[in-house]
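Visitor: Could you walk me through this one? I'd like to go piece by piece.

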Amino acid sequence: MNPIRDVWQSIFRRDPLSTDKGKSEFVFLNVWLHIHPAKVKKENLKVKHTFYLGFITFFLFLILVTTGVALMFYYRPHPPQAYQDMKDLQFVVYMGSFLRNMHRWSAHGMVICVFLHMCRVFYTGSYKRPRQFNWVIGVVLFLLTLALSFTGYLLPWDQLAFWAITVGTNIGSYAPLVGARIRELLLGGHTVGESALLRFYVLHVAVLPALVTLLTMVHFWRVRKDGGLSRPVWKLKQEKAPQLVTIGAPEATAVLTAVPASKDKTYGLMEVVTGKPIFETISVEEEEDTVFSYPFAFFREGIALLVTVATVMAVSIFWQAPLEELANPAKTPNPAKAPWYFLGLQELVSHSALLGGVVVPGLIVMALLAIPYIDPNPSRRPADRKWAIRAFTLFVVINVVLIVIGTLFRGPGWALVPPWVHIVGAE
Amino acid sequence: MKRRSFLNWGTAGLVALWSAIGVSMAAVVRFLTPSVFYEPPQDFKIGTPGDFSFGPPTFLSEEKIFVFRDREKGFAVANAVCTHLGCTVGYFQSDDQFHCPCHGSVFSADGKVLHGPAPRPLEWFEVTLARDGQLRVDKDHTVPATYRLMV
């Protein structure tokens, strides 16, 4: 009779971790960890394969939820109290400015990391069969990340916030037929005012985080169901004629089907049902290539978490999140700039609002969503997909160049001004 | 239940279900559309003609309008909201033009687009004389740039 051991064993029903069974059960019997496989391929843990960008993005989201909830205790979504609360957070609330800095810098970091994660997945060809749909979910998560950033941008209710949202929602109103209506629904009015602030707040703290959480769960689950992480490209050998594996129940007279042998894990429905057998489990993994998730994968993920949190904290100690003067609808700052990740868009919009603000971004989003379905090349080897890589690189470079021009090279009146030139008398 | 009647009822049920979902979505959109806008009125008074001087236009920041008063031609009211993306344009006496700070649109003094991305000229609002002798601006009524109120 040992009550402590009884309590322990009622919570953790697994064998000791010194055994392989215990290591498997540590993952398998834990609701938070069982999204991992019990064993993972050694080469998939390599930093140079994924740079852990998906994990870092997820950890940044966790930081954002935590600091965001903390900030909510001191924030009223109504002008002008919203701005006063920002000042309180900055100067009065204990650790308020540190928490706000963490929230702001993690938000920027998340936009960057989602984008880099998308680049990694593209360059390793990991969106190809059978992972096409998970790419689509990923693109939607990228758009939701931008929506979260954009709605959060208004909440400080300073000049930066007010004019960025005025410009941003006016871009949307150029959409044919529905544009003006969508803007009215989003703002709850015709100008950025108190109802707009309340609506952006509800979207920012409830609707969008809930959507992101749900889709993140689907995204992770699909990673497992689509056969785990894709193999690193350096492991891919020259295409060989696929080795066919016959599947079907041993005593069935007719062979069900013959499918190409795959190094990916697939899963069968392990259930007693009537009808023909529905196994399609083919696992030809080499045993020596895999390691237990506990401790090898968890250790690396833990390091990624620590590095992410430590970096955000360090940045938040040394750099203050900007806060300008109270929003003033009568006075447009010069130049008025959207958030940096929309400055490429603003650069396009400064040439033509309809083309740059609606047509081009719409086409880009549709192209991103369609990539796995319009790329006919089955090979993931970089040597076999030179044009795909060139096209995507061009897209990334254009994006970065436009954002750099919008951020650093646009001065008063949106004139081209190099960042090292100071204009006397400019606001 | 016969197969045919099951399919008939099933189809009717599915149609009813999807109609209900459609109506509910319309109700959601209607719910999100405010029935009352707590916004500044579109129709307002800006003071007596004597409050405005001749020469460069007077900027009213609350209403976001420019009030022009010309000795020969009379009163005219221009919208200060840029037709491109809604920033507030500024009047510069040095070149007698409107400049938008956001994307660099430039308008002439009569509201025409000189350059920049603005798709339309600045709007002009109807200005009338109210019974109490005050100037009254109606933002719901746009007028040609040549519109003038002689007082």
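Visitor: How many residues lie between β3(B) and β4(B) in their hairpin?

Guide: Keep in mind that this is a predicted model. β3(B) and β4(B) run antiparallel and are joined by six bridges. Within that ladder, Phe66(B) has Ala78(B) of β4(B) as its bridge partner. As for the residues between the two strands of this hairpin, the count is three.

Visitor: And which residue takes a positive phi in the hairpin of β2(B) and β3(B)?

Guide: Strand β2 (residues 58-60) of chain B is antiparallel to β3(B), with three bridges joining them. Thr58(B), for instance, stands opposite Val67(B) in β3(B). Four residues sit between the strands of this hairpin, and the positive phi, near 55 degrees, belongs to Lys64(B).

Visitor: Is strand β3 of chain B largely enclosed or largely open?

Guide: Strand β3 of chain B covers residues 65-70. Five of its six residues are buried, so the rest of the structure leaves this strand largely enclosed.

Visitor: Let's move to His84(B). Is it buried or exposed?

Guide: His84(B) is found in the loop between β4 (74-79) and β5 (90-92) of chain B. Counting neighbours, 27 other C-beta atoms lie within 10 Å. The cut-off is 20 or more, so His84(B) is buried.

Visitor: Which residue of chain A is in contact with His84(B)?

Guide: Leave aside the neighbours within four places in sequence, and the contacts of His84(B) in chain B include Cys100(B), His103(B) and Pro117(B). Cys102(B), 18 residues away in sequence, is 9.2 Å from His84(B), C-alpha to C-alpha. On the chain A side, the contact is Ala353(A).

Visitor: Which helix gives the largest share of the side of chain A that touches chain B?

Guide: Between the chains, 27 residues of chain A are in contact with 20 residues of chain B. By class, the chain A side has 13 nonpolar, 14 polar and no charged residues. The largest share, five residues, comes from helix α8 (residues 159-172) of chain A.

Visitor: Last one: are α4(A) and α6(A) roughly parallel or roughly antiparallel?

Guide: Helix α4 (residues 53-72) and helix α6 (residues 96-123) of chain A pack with their axes 8 Å apart, at an angle of about 155 degrees. Their contact has 15 nonpolar, eight polar and two charged residues, and the crossing is left-handed. Angles over 145 degrees count as roughly antiparallel, so α4(A) and α6(A) are roughly antiparallel.

Notes
Residues are numbered from 1 along each chain as its sequence is written. Chains are lettered from A and ligands numbered from 1 in the order in which they are written. This is a predicted model: local features need pLDDT of at least 70, side-chain atom pairs count only at pLDDT 80 or more; totals for chains, interfaces and linings use all residues. A residue is buried if 20 or more other C-beta atoms lie within 10 Å of its own, exposed if 12 or fewer, and partly exposed in between; C-beta atoms are placed from the backbone. Two residues are in contact if their C-beta atoms, placed from the backbone, lie within 7 Å. Two strands pair if DSSP finds at least two bridges between them. Axes are lines fitted to C-alpha atoms, for helices over the stretch in contact, and angles run from 0 to 180 degrees between N-to-C directions. Angles under 35 degrees count as roughly parallel, over 145 as roughly antiparallel, 65 to 115 as roughly perpendicular and the rest as oblique. A crossing is left-handed if the near helix is turned anticlockwise from the far one by less than a right angle, and right-handed if clockwise. Ala, Val, Leu, Ile, Met, Phe, Trp, Tyr, Cys and Pro count as nonpolar, Asp, Glu, Lys and Arg as charged, and the others, Gly among them, as polar.
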